[in-house]
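Please give a short account of this structure for someone who has not seen it before, with attention to how its helices are covered.

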Amino acid sequence: MTAASPGLSYAVRLPVLAKYLGMLAVMLALLTLVPLGAAVAFQDYGIALRYLAVIAVLLTAWAASRSIPEPRRIQTNEALTIVALAFVLSPLLMTFPMMGSGLSFENALFEAISAVTTTGLSVTTGLADKPETFLFARSWMQWYGGLGIVVLSIAILMGSQVSSRSLRAPLGGETLATTTRAHARQALIIYSALTVTGIAVVWLVSGSGVVAINHVLAAVSTGGFSSFDDSLAGLDSWYSRFAIIAISLCGALPLTLYAITFSKRWRDAIRDEELLALVAAVGLVTLLLFLSFRLGSDMGLQDAAGHALFLAMSAQSTAGFTTLDLASIDDGAKLSLMVSMLIGGGVGSTAGGIKLLRLLILLRLIQVLLRRTTMPPHAVHPAKLGGKVLEDATIQRVLILILLYIGVVLISWFAFLAYGYAPMDALFEVVSATATAGLSAGITTADMPLLLKLVLCLDMLLGRVEIVALLVVLYLPNWVGTRKES
């Protein structure tokens, strides 16, 4: 085995980071115009001034980066660093306007991180007394946070020349911005279409435009922020509840599936491994929850079926909406929800978790391992998924990522155990944060110790950027060492 040459390792180029973060800054400034407009419309002028200050900071950062030339190629560590910093810096900036609704800095930061990472965990109660701007802004941040992870994931895939089922073109001689433009436009069109359709449907069913806008923005991003303290239990109609959670399930599917469907290849779309796995997972979790509710409580047949199906869809999509007080359900139901949240939705979707595709790869590796025990020593039986041979590099990445997820959950869980929280509830909260799901067993409150709030914030960030990107930022050679010429 040959050792890697130190000359093949390059630190990030600061001008490259400044260039692309500046480009992201102007986009964030444009996105911030929307809650600014809402603040003016709702006559929350103090909050509006705070948004103006944020926009000024963002535009200043963009102006400072305009003179930096755009590189022809971007390194893998640079792409990962940009993604991680985007998800760290944007909630820091949005903390300032959120404090205008009466939140302390730490609680405003928690809400902002939960919003941008599309998690949905909240330390804020008394939502009926909060400004309309605050409720809308949280959902809006989840909406662009969900879109952001899809588009920035495209940037990583293309910038690092990593192949995937839908993005196979390397950078070649073009810049990152040029090569991702078509894919980003396609993602935006699909995402916007889901959003508009969802708002129309929920508005029609619920009869409230405000409810439809606030909840669909949070649903399509699989974010889960609600305008009600008790989430969708605050809606009396099961039709409204399921209309919203159905949009969440749509957001948990790879956006490329919609492009395939509308390109008249719908037969390929309905045979997609992740789509079939999502349906199977929701069905299995629904059955487990239904049995738990029927055998472990006095819940009626219809209510048990309704809550079981809703929560299964919410957990698997990592949306985090709920119709029950989850502190009251038994440990078996909590365990079912935890496994569902940890697995999550599809790759290239807005959902969190390990992702269904990676679970399918892991299951296929186990199957191949067992199959090889019955074969002659010289037999060749490569691992395949969808008719394609799984490359060693892909298998390695999947296994490492799964181990990292488990490691993050365990370390965070120990922190909660040290504070004396019930083991099952503590594990539930940590899994929910790391999977960016947002379901809560009742631990996440404004009174929670500051250290544990920071632990959950870190979990949400790690889960949203899939751990590796944030680890790259913390890796010293990423910043110190030889730099490649632009």
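The buried residues of helix 11 pack against helix 8 (238-251), helix 9 (255-262), helix 10 (266-270), helix 12 (301-317), helix 13 (331-343) and helix 14 (356-372), where contact means heavy atoms within 4.5 Å and buried means under 20% relative accessible area, with exposed over 50% and partly exposed in between, for a 1.4 Å probe and protein chains only. Helices (H or I, at least four residues) and strands (E, at least two) are DSSP runs, numbered from the N terminus. The model is a predicted one, in which local features need pLDDT of at least 70 and side-chain atom pairs count only at pLDDT 80 or more, while totals for chains, interfaces and linings use all residues. Residues are numbered from 1 along each chain as its sequence is written, and side-chain values use heavy atoms, with hydrogens and water left out.

Among the buried residues of helix 11 are Leu275, Leu278, Val282, Val285, Thr286, Leu289 and Phe293. Thr286 lies in this helix, which covers residues 273-296, and Thr286 is buried, with a relative accessible area of 15%. When its neighbours within four places in sequence are left aside, Thr286 is in contact with Ala308, Leu309 and Ala312. At the start of helix 11, a side-chain oxygen of Asp272 comes to within 2.9 Å of the backbone nitrogen of Glu274.

Helix 15 can be described in a similar way: its buried residues include Ile395, Leu401, Tyr405, Trp413 and Phe416, and what covers its buried residues includes helix 13, helix 14, helix 16 (423-434), helix 17 (450-464) and helix 18 (468-474). Helix 15 is followed by Gly420, whose phi is positive, near 90 degrees.

The table sets out the spans of these helices, the expected span being 1.5 Å times one less than the number of residues.

| Helix | Residues in helix | Expected span | Distance between end C-alpha atoms |
|---|---|---|---|
| Helix 11 | 24 residues | 34 Å | 34 Å |
| Helix 15 | 27 residues | 39 Å | 39 Å |

Taken as a whole, the protein has 18 helices and 2 strands. Its radius of gyration is 22 Å, close to the 23 Å that the globule rule gives for 486 residues, so the protein is as compact as a globular protein of that length; the radius is taken over C-alpha atoms, and the rule is 2.2 Å times the number of residues to the power 0.38. Buried residues make up 52% of the 486 residues. Of the contacts between residues at least 6 apart in sequence, 72% join residues at least 24 apart.

Conventions. A polar contact is a pair of N or O atoms within 3.5 Å; within protein, one must be able to donate a hydrogen and the other to accept it, and residues adjacent in sequence count only if both atoms are side-chain atoms.
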